[in-house]
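Here is a short set of exercises to work through with the structure open beside you. Try each task before reading its solution.

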Amino acid sequence: MNKRPSQNFDHDLAGLKSDMPLKGRGLWQDAFERLKANRISIVSGVVLIVFSLMCFIGPIFLEWSYDEIDWDLLEATPPDIESGHYLGTDTLGRDLLARIFQGGQVSFQVGILATSVALVIGVSVGSVAGFVGGRVDQVLMRLVDVMYAVPLMFFIIILMVVFGRNFYLMFFAIGFVEWLTMSRIVRGQTLALKNKGFIEAARAAGGSTTSIIFEHIIPNVLGIVIVYVTLTIPQVILLESFLSFLGLGVQPPMTSWGALISEGAQEMESNPRTLILPALCLSITLFCFNFLGDGLRDALDPKDR
């Protein structure tokens with residue numbers, strides 16, 4: 001007895017599916033799947049997104065600006081919803097929540113912008129030194145060694161004293177000294193890649209040094225670079241906070257979490273909220289960046305299986 005047409009069609013379709021090759025996953029797809037399995041990293045990423053949105057969008061919904069003084073409440077007050085001071089004010093009558101949001105904006109901006117400066121310089125120097133080699137490598141690495149010998153904090157302070165203290169100079173100065181480790185990491189990865197088969201094939205095809213670096217070397221070191229970036233941002237935020245704590249960071253009425261902590265330390269006995277709240281925001285942000293960096297490191301490490 002002959003099979004029905006539908007049964008024949010199902011049988012042929014099943015055979016066709018069994019003969020089709022399985023679709024593999026790329027490095028980034030596999031890394032994303034591994035990252036999703038790390039709940040701490042996912043939660044940390046969500047917290048960072050929420051914090052950044054609150055800092056940049058939150059001031060729109062507040063009644064008071066970060067530098068606006070409530071002349072009726074010149075002394076520190078507890079939270080008061082009717083007056084619009086949801087976390088109270090500092091000793092000068094400025095809204096504490098608005099200043100925390102503004103401090104978060106500055107800290108996030110300095111962290112991201114300074115890390116971007118370090119990323120561009122470090123990846124450029126490290127990839128060129130590792131791929132070109134020879135005297136170019138020796139000169140660039142000796143420059144890195146010399147800059148490592150100079151106390152980085154002293155170098156930043158000198159830059160800010162000579163050129164003046166402003167927001168843009170601060171992230172440039174911090175980024176200008178944070179590229180050293182990144183350049184060494186990229187150089188090491190480049191040395192491991194420069195003799196691989198696909199690099200030799202690119203050379204045989206007539207690829208220039210610049211094209212090979214930008215099209216083959218840098219894309220293959222992005223994994224370790226992304227991990228290092230997530231670990232550099234909290235270092236930069238902490239460094240900026242330390243500079244602001246010393247009075248070398250942003251200048252009033254502009255503020256950052258470090259500046260708020262410095263002000264709160266002076267008012268700790270009379271108004272502990274001015275110290276505890278910005279310190280808590282800074283601590284949570286630093287922890288989340290580090291947890292996210294650890295998760296990305298595990299997800300992008302091909303040997304970690």
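**Exercise 1. Cysteines**

Task: Find how many disulfides the chain has, and check the surroundings of Cys55.

Solution: Please keep in mind that this is a predicted model. Begin with the cut-off: two cysteine sulfur atoms must lie within 2.5 Å to count as a disulfide. By this rule the count is zero disulfides. Now take Cys55, whose nearest cysteine sulfur belongs to Cys281 and is 7.0 Å away, so Cys55 is in no disulfide under the 2.5 Å limit. Next, look at accessibility, where buried means under 20% relative accessible area. Cys55 has 4% and is therefore buried. Cys288, at 8%, counts as buried too.

**Exercise 2. The overall picture**

Task: Describe the secondary structure of the chain and how its residues are spread between inside and surface.

Solution: Start by counting elements: there are 11 helices and zero strands. Read from the N terminus, the order is α-α-α-α-α-α-α-α-α-α-α. Then turn to burial, where 42% of the 305 residues are buried. The exposed area of the chain is about 17,100 Å², and carbon and sulfur atoms supply 66% of that area. Finally, consider the contacts with a separation of 6 or more: 72% of them join residues 24 or more positions apart.

**Exercise 3. H4 against H10**

Task: Work out how helix H4 is oriented relative to helix H10, and list the residues that make the contact.

Solution: Two packed helices are described by the angle between their axes and the distance between the axes. Here H4 (residues 96-132) and H10 (residues 257-266) pack at about 135°, and their axes are 7 Å apart. That angle makes H4 oblique to H10. On the H4 side, the contact uses Arg99, Ile100, Gly103, Gly104, Ser107 and Phe108, while H10 brings Trp257, Leu260 and Glu263. Sorted by class, this contact has four nonpolar, three polar and two charged residues.

**Exercise 4. Thr285 and its neighbours**

Task: Decide whether Thr285 is buried or exposed, and name the residues it touches.

Solution: First place the residue: Thr285 sits in helix H11 (residues 273-300). Its relative accessibility is 0%, so Thr285 counts as buried. Setting aside residues up to four places away in sequence, Thr285 touches Leu48, Phe51, Phe108, Ile237 and Trp257. Two of these names should look familiar from the previous exercise: Phe108 of H4 and Trp257 of H10 take part in the contact between those helices.

**Exercise 5. H8, H9 and Ile212**

Task: Classify the packing of helices H8 and H9, then follow Ile212 through the contact.

Solution: Helix H8 (residues 197-204) packs against helix H9 (residues 209-245) at about 170°, with the axes 11 Å apart. H8 and H9 are therefore roughly antiparallel to each other. In the contact, Phe198, Ile199, Ala202 and Arg203 of H8 meet Ile212, His216, Ile217 and Asn220 of H9. The classes here are five nonpolar, two polar and one charged.

Now single out Ile212, which is found in H9. Ile212 has 2% relative accessibility, so this residue counts as buried. Leaving aside neighbours within four places in sequence, Ile212 is in contact with Phe131, Ile199, Ala202, Arg203, Gly207 and Ile217. As a last check in the viewer, find the C-alpha atoms of Ile212 and Lys194: these residues are 18 apart along the chain, and the two atoms are separated by 9.6 Å.

Definitions and conventions. Residues numbered from 1 in each chain as written. Predicted model: local features only at pLDDT ≥ 70, side-chain atom pairs only at ≥ 80, totals over all residues. Heavy atoms only, no water. Axes fitted to C-alpha atoms, helices over the stretch in contact; angles between N-to-C directions. Helix = DSSP H or I, 4+ residues; strand = E, 2+ residues; numbered from the N terminus. Parallel < 35°, antiparallel > 145°, perpendicular 65-115°, else oblique. Contact = heavy atoms within 4.5 Å. Nonpolar A, V, L, I, M, F, W, Y, C, P; charged D, E, K, R; others polar. Buried < 20%, exposed > 50% of the residue type's maximum accessible area, 1.4 Å probe, protein only. Areas by Shrake-Rupley, 256 points an atom, 1.4 Å probe, with all protein chains shown as cover.
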